[in-house]
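Trainee: Could you take me through one part of this protein in close detail, and then set that part against the rest of the model?

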Amino acid sequence: MAPERSTGNRIGAKDIRRRKGGVPIVCLTAYTYPIARMLDPHVDLLLVGDSVAMVLHGHATTLGASLEMMIAHGQAVMRGSTKACVVVDMPAGSYETSAAEAVASARRIVEETGCQAVKLEGGVDVAEQIAAIVAGAIPVMGHIGLQPQSVEKDGGYKIKGRTEENIAALFRDAEAVEKAGAFSVVIEGTVEAVASDITRHIVIPTIGIGASGDCDGQILVIDDMIGMTVDRVPKFVKEYANLRDTISDAAARYAAEVRGRAFPGPDHVFSATSGKDKE
Ligand code: KIV
């Protein structure tokens with residue numbers, strides 16, 4: 001399938017890279033065409049996160065995401081945006097085994113969606129994969145700290161940076177991702193002071209989620225941020241709207257009107273005599 005064509009005005013990975021230490025980089029996840037259209041004017045970067053597996057598809061973890069799922073949502077987000085830098089997550093199982101597998105998966109994502117970059121989770125353990133993808137001219141965003149693809153292995157969502165050993169490992173991961181050529185790195189679920197220190201320590205922009213206000217940018221999962229999440233809402237989320245209640249209220253009013261034969265009323269049906277049909 002031919003990639004979506006960008007308008008030429010899109011923010012690219014290099015533009016994001018240049019924003020280190022400047023005005024904070026505004027990022028949100030997006031998975032669908034209408035949401036991408038609504039967010040595009042307001043953000044610098046849209047991430048088609050593998051959180052889509054949980055948020056839209058109801059899987060228990062992000063391990064439910066597949067390459068096909070990420071590509072389909074990546075295509076929808078590209079169709080719905082013209083300005084934002086679109087980054088598509090590489091799902092678990094598409095890059096860990098070898099650099100060759102990582103390059104093939106990243107190439108497929110970029111060719112089939114037209115997105116600007118891919119993201120993958122890990123630090124020292126995936127440095128070789130990041131370097132190989134970057135060598136193939138595909139920009140990569142790293143993801144260190146709490147890594148949702150590893151929650152089963154880690155025994156749950158565990159905040160990182162609480163022991164000396166763990167802090168040292170986080171710095172090694174940040175340095176490895178930077179050295180491998182990533183243009184930026186997400187730091188998730190990490191003690192505030194540690195995320196702040198890493199931000200000062202590396203030269204690529206850090207994008208925080210449950211991390212620190214000192215990061216070079218922030219990201220949230222869109223459904224969490226607009227109050228659509230029906231299961232667990234993490235502590236670090238700020239809800240800027242409550243669409244759960246709005247949707248539930250609309251459904252309740254609709255149900256009452258259908259049962260009471262109040263809907264459809266005269267404004268929502270066609271009469272034989274009204275002249276031109278109006279949709
Ligand atoms: O999949 C996702 O939504 C993410 C963000 C939490 C950064 O990786």
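Mentor: In this predicted model, helix H4, which spans residues 67-79, and helix H5, residues 99-113, have axes that come within 9 Å and cross at roughly 35°. The crossing in which H4 passes H5 is right-handed. On the H4 side the contact is made by Leu67, Glu68, Ile71, Gly74, Gln75 and Met78, while H5 contributes Ser105, Arg108, Ile109, Glu112 and Thr113. Sorted by class, the residues of this contact between H4 and H5 comprise 4 nonpolar, 4 polar and 3 charged.

To place that pair in its setting, the protein contains 11 helices and 8 strands, and its C-alpha atoms fill a box of roughly 75 × 40 × 35 Å along the principal axes. Of the 279 residues, 48% are buried, and among contacts between residues at least 6 apart in sequence, 60% join residues that are at least 24 apart.

Helix H9, residues 192-201, gives a view of that burial at the level of one element, with Val194, Ala195, Ser196, Ile198 and Thr199 as its buried residues. The elements that cover these buried residues of H9 include H8, S6 and strand S7, which runs over 206-209.

Two of those covering elements return when one turns to the pockets. The largest pocket has a volume of about 970 Å³ and is lined by 40 residues, of which Tyr157, Val221, Asp224, Arg232 and Pro234 lie nearest its centre. Strand S6 (184-188) supplies at least two residues of this lining, as do helix H3 (52-55) and helix H10 (222-225). By class, the lining of the largest pocket divides into 18 nonpolar, 11 polar and 11 charged residues.

The second largest pocket holds about 370 Å³ of space, and among the 21 residues lining it, Gly122, Asp125, Gln147, Ser150 and Lys153 are the closest to its centre. Helix H7 (151-154) and helix H8 (164-180) are the elements that give two or more residues to this lining, and H8 gives the most, with 4 residues. The lining of the second largest pocket is made up of 6 nonpolar, 8 polar and 7 charged residues. Helix H8 therefore appears in two roles, since H8 is among the elements that cover the buried residues of H9 and also lines the second largest pocket, where a residue counts as lining if it has an atom within 4 Å of a pocket point.

Technical notes: Residues numbered from 1 in each chain as written. Predicted model: local features only at pLDDT ≥ 70, side-chain atom pairs only at ≥ 80, totals over all residues. Heavy atoms only, no water. 1 Å grid on protein atoms, 1.4 Å probe; cavity = no way out; pocket = protein on both sides within 12 Å on 5 of 7 lines; lining within 4 Å. Points joined across faces, edges and corners; volume = space filled by probe spheres on them. Nonpolar A, V, L, I, M, F, W, Y, C, P; charged D, E, K, R; others polar. Buried < 20%, exposed > 50% of the residue type's maximum accessible area, 1.4 Å probe, protein only. Contact = heavy atoms within 4.5 Å. Axes fitted to C-alpha atoms, helices over the stretch in contact; angles between N-to-C directions. Left-handed = near helix turned anticlockwise from the far one by under 90°.
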